[in-house]
Amino acid sequence: MLPRKYRLKNQKAFNATYKNHKIVSNSLLTLYIGKEKKDPTSPTKAGFVVSKKYHKRAVKRNRIKRLMREVCRLTLKQGELGKLNKYMSFILIPKEETLNKKFKDVNEAFYNLLDRIK
RNA sequence: AGGAGCAGCCGGAUAAUCGCGCAGAUGAAAAACUCUGUGAGGAAAGUCCGGGCACCCGAGGACAAACCGCCUGAUAACGUCAGGUGCGGGCGACCGUGAGGAUAGUGCCACAGAAAUGCAGACUGCCGAUGAAUCUCUAACGAGAUAACAGGCGAUGGUGCAACGGUGAGGUAAGAGCUCACCGGCAAGAUUGAGAGGUCUUGGCCAGGUAAACCCCGGUUGGGUGCAAGGUUGACUAAAAGGUUAAGGUGUCCGCCGUCUUUUGACAAACCGCUGGAGCUUGCAGGCAACUGUAAGUCGAGACAGAUGAUUAUCUUGAAACAGAACCCGGCUUAUGAGCUGCUCCUUUUU
RNA sequence: CGGGAUGUAGCGCAGCUUGGUAGCGCACCGUGUUCGGGUCGCGGGGGUCGCAAGUUCGAAUCUUGUCAUCCCGA
């Protein structure tokens with residue numbers, strides 16, 4: 001789990017990130033990126049979305065969210081966010097194939113996305 | 001040994017590293033850091049019932065409506081549970097059961113069939129005892145035959161889920177509960193049980209099915225909304241440009257309100273409710289049991305983008321099923337891996 | 001979290017109230033018309049009525065349970 005200050009919180013923040021229309025994706029994950037920071041010292045916030053349409057069972061949805069969070073946490077800890085540091089926020093959304101994947105696969109997919117940010 | 005029935009248990013473990021929610025300590029306070037404690041289920045699920053709690057409306061009675069439907073008990077309550085009765089299934093342990101009323105009334109019963117409910121006599125049929133007719137035999141009385149006119153009868157009837165009791169015997173012209181025996185069902189009486197009901201006796205032979213069709217009978221229920229209920233304390237009731245026969249407020253125009261499009265705006269909330277309760281564990285007492293009473297001990301999540309995870313190693317049986325609290329309880333239903341325990345029944349073998 | 005609705009042929013729907021025959025349009029197949037295709041005419045095939053129990057002689061229809069999909073409110 002991420003420490004609280006790195007979490008993306010309310011409805012407005014999510015909508016603002018979506019509206020920026022800056023999207024990167026591969027076969028496992030989709031990444032929405034927010035606007036550039038005004039204050040460079042404030043932390044980059046992360047949001048995770050798994051809709052009820054993705055899977056009916058709460059246990060499966062929780063599992064995906066936890067995997068994504070863990071990936072972000074470890075990346076953040078090692079300071080390897082790279083270009084994402086410039087931005088205020090990002091949102092991660094899984095794809096259908098992500099359902100039964102392991103930690104390694106999700107981790108690789110996330111690093112793949114980081115490399116492709118302009 | 002094999003097969004089966006019922007009841008119950010468990011719901012991966014250990015270690016290391018990196019992390020999260022809540023509470024407490026540290027702290028003037030907030031944030032951060034550190035330490036300690038604690039942190040999902042038997043179904044948390046489906047939302048099918050019943051309550052608590054909160055607010056709004058109502059406040060007397062009747063009807064209506066909805067729901068329930070063998071009996072007795074349990075419970076805060078229930079459509080739930082326990083024990084019993086009847087019926088059905090199984091060799092049995094045991095299991096299932098929406099199971100009031102069809103002589104209160106109405107409706108429906110396709111096709112087939114003579115007929116599907118006003119308990120029928122129309123049709124198909126059976127009979128020729130009785131009365132009449134014709135013929136034959138006889139001296140006569142009378143006997144026999146023919147058709148079935150009057151008449152008698154309700155047995156027979158490719159059907160159908162179902163045909164106004166069934167089987168057998170007697171009886172008769174033919175027949176019929178007309179009579180008898182047994183069976184089924186109905187009614188009355190006696191007896192027994194707290195009751196549903198059980199048992200016995202007698203009677204007459206009278207009664208199709210469907211109420212998860214309308215309905216009748218009996219019983220229960222104030223109605224609605226649901227913790228995003230509801231309450232407390234603060235703050236905001238955003239801004240700019242353009243359009244408006246693309247809806248409207250006036251009959252028209254302008255303006256205004258409203259509305260539409262575009263752009264900008266990521267601090268605009270915090271707290272209570274919120275978990276100590278029809279609570280859990282153990283003992284004792286009452287009860288066949290559900291459950292109740294009582295004594296002692298005990299506190300086991302409380303989030304708000306929403307906490308239990310990730311990686312590695314070892315082990316169980318090869319890596320572990322179904323599945324995540326969101327106001328709280330009582331049930332029901334459904335999903336579920338590998339196994340274990342107790343009691344009981346049946347079959348076979350040995351002593 | 002709460003509330004409501006719908007599952008019938010490949011697709012879109014009717015039939016359910018009042019239980020006995022599952023039907024309509026498009027699509028599909030065959031055939032006729034045409035030089036050929038379309039249109040049009042004629043004929044035909046295709047449905048576990050979401051699933052499972054029950055009531056009934058008999059269930060798409062009635063009752064109960066269950067599964068899936070969609071919509072609405074906050």
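These notebook entries record what I looked up in the structure of chain A.

**Entry 1. Overall layout**

I began by noting that the model is a predicted one. I then listed the elements and found three helices and four strands in chain A. Read from the N terminus, their order is α-β-β-β-α-β-α. I next looked at burial across the chain, and 36% of the 118 residues of chain A count as buried. The exposed surface of chain A comes to about 7700 Å², with carbon and sulfur atoms supplying 50% of it. I also checked how far apart in sequence the contacting residues lie. Among contacts with a separation of 6 or more, 79% join residues 24 or more positions apart.

**Entry 2. Strand E2 and its partners**

I turned to strand E2, residues 29–33. Is this strand mostly covered or mostly open? I found E2 mostly covered, as five of its five residues are buried. I then sorted these residues by face. Leu29, Leu31 and Ile33 lie on one side, Thr30 and Tyr32 lie on the other, and both faces are covered. This sorting follows a general pattern: in a regular strand the side chains alternate between the two faces of the sheet.

I looked up the pairing of E2 next. E1 and E2 run antiparallel and are joined by three bridges. Three residues stand between these two strands, which form a hairpin. E2 also runs antiparallel to E4, and five bridges join that pair. I followed Leu31 as an example. Its bridge partner in E1 is Val24, and its bridge partner in E4 is Leu92.

**Entry 3. The nonpolar core**

Which residues touch the most other members of the largest nonpolar core? I recorded Leu29, Phe90, Leu92, Phe110 and Ile117, out of 24 residues in that core. The elements giving two or more residues to it are strands E2, E3 (45–48) and E4 (89–94), together with helices H2 (58–77) and H3 (103–116).

I examined Phe110 more closely. Beyond its neighbours within four places in sequence, Phe110 is in contact with Leu29, Val71, Cys72, Thr75, Phe90 and Leu92. Leu29, Phe90 and Leu92 are thus contacts of Phe110 and are also listed with it among the residues that touch the most other core members.

Ile117 was my next stop, and I located it in the segment after H3. Ile117 counts as buried because its relative accessibility is 3%, where the cut-off is under 20%. Setting aside neighbours within four places, I found Ile117 in contact with Val24, Leu31, Ile33, Lys83, Leu84 and Tyr87. I also took one distance: Ile117 and Pro94 are 23 residues apart along the chain, and their C-alpha atoms are separated by 18 Å.

**Entry 4. Helix H2**

I checked the length of H2 against expectation. Its 20 residues should span 28 Å at 1.5 Å a residue, and the end C-alpha atoms are 28 Å apart, so the two values agree. The buried residues of H2 are Arg61, Ile64, Leu67, Met68, Arg69, Val71, Cys72 and Thr75. I kept in mind that an α-helix has 3.6 residues a turn, so residues three or four places apart point the same way. I then asked what these residues meet: the buried residues of H2 pack against E2, E3, E4 and H3.

Is Arg61 buried or exposed? I noted 15% relative accessibility for Arg61, so this residue counts as buried. Leaving out neighbours within four places, its contacts are Val50, Ser51, Lys52, His55 and Lys56.

**Entry 5. Loop residues**

After H2 I came to Gly79, whose phi is positive, near 65°. I then looked at Glu80, in the loop between H2 and E4. Glu80 is classed as partly exposed because its relative accessible area is 38%. Apart from residues up to four places away, Glu80 touches Thr75, Tyr111 and Leu114. Glu80 and Asn62 lie 18 residues apart in sequence and 25 Å apart in space, C-alpha to C-alpha.

Last, I looked up Asn26, in the loop between strand E1 (23–25) and E2. At 14% relative accessibility, Asn26 counts as buried. I found a polar contact of 3.1 Å between its side chain and that of Asn112. Beyond neighbours within four places, Asn26 is in contact with Lys95, Ala109, Asn112, Leu113 and Arg116.

Methods: Residues numbered from 1 in each chain as written. Chains lettered and ligands numbered in written order. Predicted model: local features only at pLDDT ≥ 70, side-chain atom pairs only at ≥ 80, totals over all residues. Heavy atoms only, no water. Core = buried A, V, L, I, M, F, W, Y, C linked by side-chain atoms within 4.5 Å. Buried < 20%, exposed > 50% of the residue type's maximum accessible area, 1.4 Å probe, protein only. Contact = heavy atoms within 4.5 Å. Areas by Shrake-Rupley, 256 points an atom, 1.4 Å probe, with all protein chains shown as cover. Polar contact = N/O pair within 3.5 Å; in protein donor to acceptor, adjacent residues only side chain to side chain. Pairing = 2+ DSSP bridges. Expected span 1.5 Å × (residues − 1).
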